Amino acid sequence: MSLKEKINPAKLPQHIAIIMDGNGRWAKQKGAERIYGHENGVKSVRETVEAAAELGIKYLTLYAFSTENWNRPQEEVMALMQLLVHTINAETPTLNKNNIRLQAIGNLKSLPKDCFDELQDAIAKTQHNTQTTLVLALSYSARWEITNAMKEIAEKIENKTLTASQINEETITAHLCTASIPEPELMIRTSGEHRISNFLLWQLAYSELYFTDTLWPDFKRENFYEAIIDYQNRERRFGKTSEQLIS
Ligand code: IPE
Ligand code: IPE
Ligand code: MG
């Protein structure tokens with residue numbers, strides 16, 4: 001039985017989020033520059049996106065560049081942005097062929113103009129696709145997102161379209177970048193790091209977390225299937241007891 005056949009199609013997560021980590025270490029192991037790792041990471045992105053669409057995963061969110069990543073050496077930031085522009089441009093026809101819709105979350109206005117324009121163009125060109133939504137987290141951090149949500153809510157209180165007593169969890173969810181996206185049932189992080197790094201802090205409240213030592217450029221279809229199988233073998237209790245779930 002192949003790994004893919006071990007996946008139960010009736011228990012697929014609707015939304016998988018991935019912290020793609022380890023490109024730099026992968027390159028270093030090969031005696032290459034960090035950007036070589038990022039370039040090879042794109043191949044893993046392609047493969048994972050295709051696998052998710054084939055399986056019928058409705059949402060796949062990829063953490064591609066964090067707010068904190070702006071603090072990397074300027075040369076690496078520039079190279080990453082160029083790689084992004086190039087990849088989005090080159091991959092748009094494939095996204096359309098595979099019926100994949102592109103979206104982005106994060107402080108997109110902080111991206112270089114060519115990057116922002118390319119992104120908006122690809123989002124527009126793929127907006128009617130229905131198989132899978134690929135969400136790129138770009139210049140994203142959860143604290144930035146939550147801070148923005150709080151500002152928007154405060155403005156509504158100031159102009160009296162909302163009262164403090166009306167605020168509930170749905171109000172906050174509705175003001176996040178992911179307002180129209182279900183919470184991820186599964187979050188994968190590669191490269192052996194066991195941390196969240198400011199990713200989807202609100203949305204991950206009850207997600208299953210899966211950590212693998214595999215470095216992102218080595219993460220392929222089979223690794224993705226393994227993570228889904230692991231997820232399918234877990235018991236999600238949401239605070240209840242095991243016995244309550246059975247009855
Ligand atoms: C992940 O790989 C890609 C981005 C954060 C853009 P890293 O570049 O963080 O690789 P490591 O963690 O240094 O190996
Ligand atoms: C997290 O990876 C951000 C992305 C994958 C884009 P980092 O490699 O930047 O995370 P830390 O700083 O090591 O936690
Ligand atoms: Mg890293």
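**Notes on the predicted chain, starting from its core**

1. The largest nonpolar core holds 42 residues, and those with the most contacts inside it are Ile16, Ile18, Leu60, Leu119, Leu134, Ile188 and Phe224. Helix α3 (residues 74-97) supplies the largest share of this core, with seven residues. Apart from this core there is another one of 14 residues, with Ala17, Ile181, Met187 and Leu204 among them. Bear in mind throughout that this is a predicted model.

2. Ile188 is a good place to start looking around. Setting aside neighbours within four places in sequence, Ile188 is in contact with Ile16, Ala17, Ile18, Ile19, Tyr210, Phe219, Phe224 and Ala227. Of these partners, Ile16, Ile18 and Phe224 are also on the list of residues with the most contacts inside the largest core, whereas Ala17 is one of the residues of the other core.

3. Now the fold as a whole. The chain has eight helices and six strands, and from the N terminus on they run β-α-α-β-α-β-α-β-α-α-β-β-α-α. Among contacts between residues at least 6 apart in sequence, 76% join residues at least 24 apart.

4. What radius of gyration would a compact globule of 247 residues have? It would be near 18 Å, and the chain has 19 Å, so the two agree. Along the principal axes, the C-alpha atoms fill a box of roughly 55 × 50 × 35 Å. Buried residues account for 45% of the 247 in the chain.

5. A word on the surface and the charges. The accessible surface comes to about 12,900 Å², and 51% of it belongs to carbon and sulfur atoms. The chain carries 28 positive and 32 negative charges, and their mean positions are 1 Å apart.

6. Have a look at Arg34, which is found in helix α2 (residues 34-55). Is Arg34 buried or partly exposed? Arg34 counts as partly exposed because its relative accessible area is 37%, and the range for that class lies between 20% and 50%. Not counting residues up to four places away in sequence, Arg34 touches Asn23, Gly24, Ala27, Arg72 and Glu76. Arg34 and Leu80 are 46 residues apart in sequence, and their C-alpha atoms are 10.0 Å apart in space.

7. The loop between β5 (186-189) and β6 (208-211) deserves its own point, and Ser191 is found there. Most residues other than glycine have a negative phi. Ser191, though not a glycine, has a positive phi of about 80°. Asn198 lies in the loop between β5 and β6 as well, and its phi is also positive, near 65°. With relative accessible area under 20% as the cut-off for buried, Ser191 is buried at 6% and Asn198 is buried at 14%.

8. Leu204 also has its place in the loop between β5 and β6. Which residues does Leu204 touch, not counting those up to four places away in sequence? They are Pro184, Met187, Ile196 and Phe199. Met187 and Leu204 are both among the residues of the 14-residue core. Leu204 is buried, since its relative accessible area is 8%. The C-alpha atoms of Leu204 and Gly24 are separated by 26 Å, with their positions 180 residues apart along the chain; Gly24 is one of the residues that Arg34 touches.

Terms used:
Residues are numbered from 1 along each chain as its sequence is written. Chains are lettered from A and ligands numbered from 1 in the order in which they are written. This is a predicted model: local features need pLDDT of at least 70, side-chain atom pairs count only at pLDDT 80 or more; totals for chains, interfaces and linings use all residues. Side-chain values use heavy atoms; hydrogens and water are left out. Helices (H or I, at least four residues) and strands (E, at least two) are DSSP runs, numbered from the N terminus. The radius of gyration is taken over C-alpha atoms; the globule rule is 2.2 Å times the number of residues to the power 0.38. Buried means under 20% relative accessible area, exposed over 50%, partly exposed in between (1.4 Å probe, protein chains only). Contact means heavy atoms within 4.5 Å. Accessible areas come from the Shrake-Rupley method with a 1.4 Å probe; for residues, only the protein chains shown count as cover. Lys and Arg count as positive and Asp and Glu as negative; His and the chain ends are not counted. The place of a charge is taken as NZ of Lys, CZ of Arg, CG of Asp or CD of Glu. A nonpolar core is a set of buried Ala, Val, Leu, Ile, Met, Phe, Trp, Tyr and Cys residues joined through side-chain atoms within 4.5 Å.
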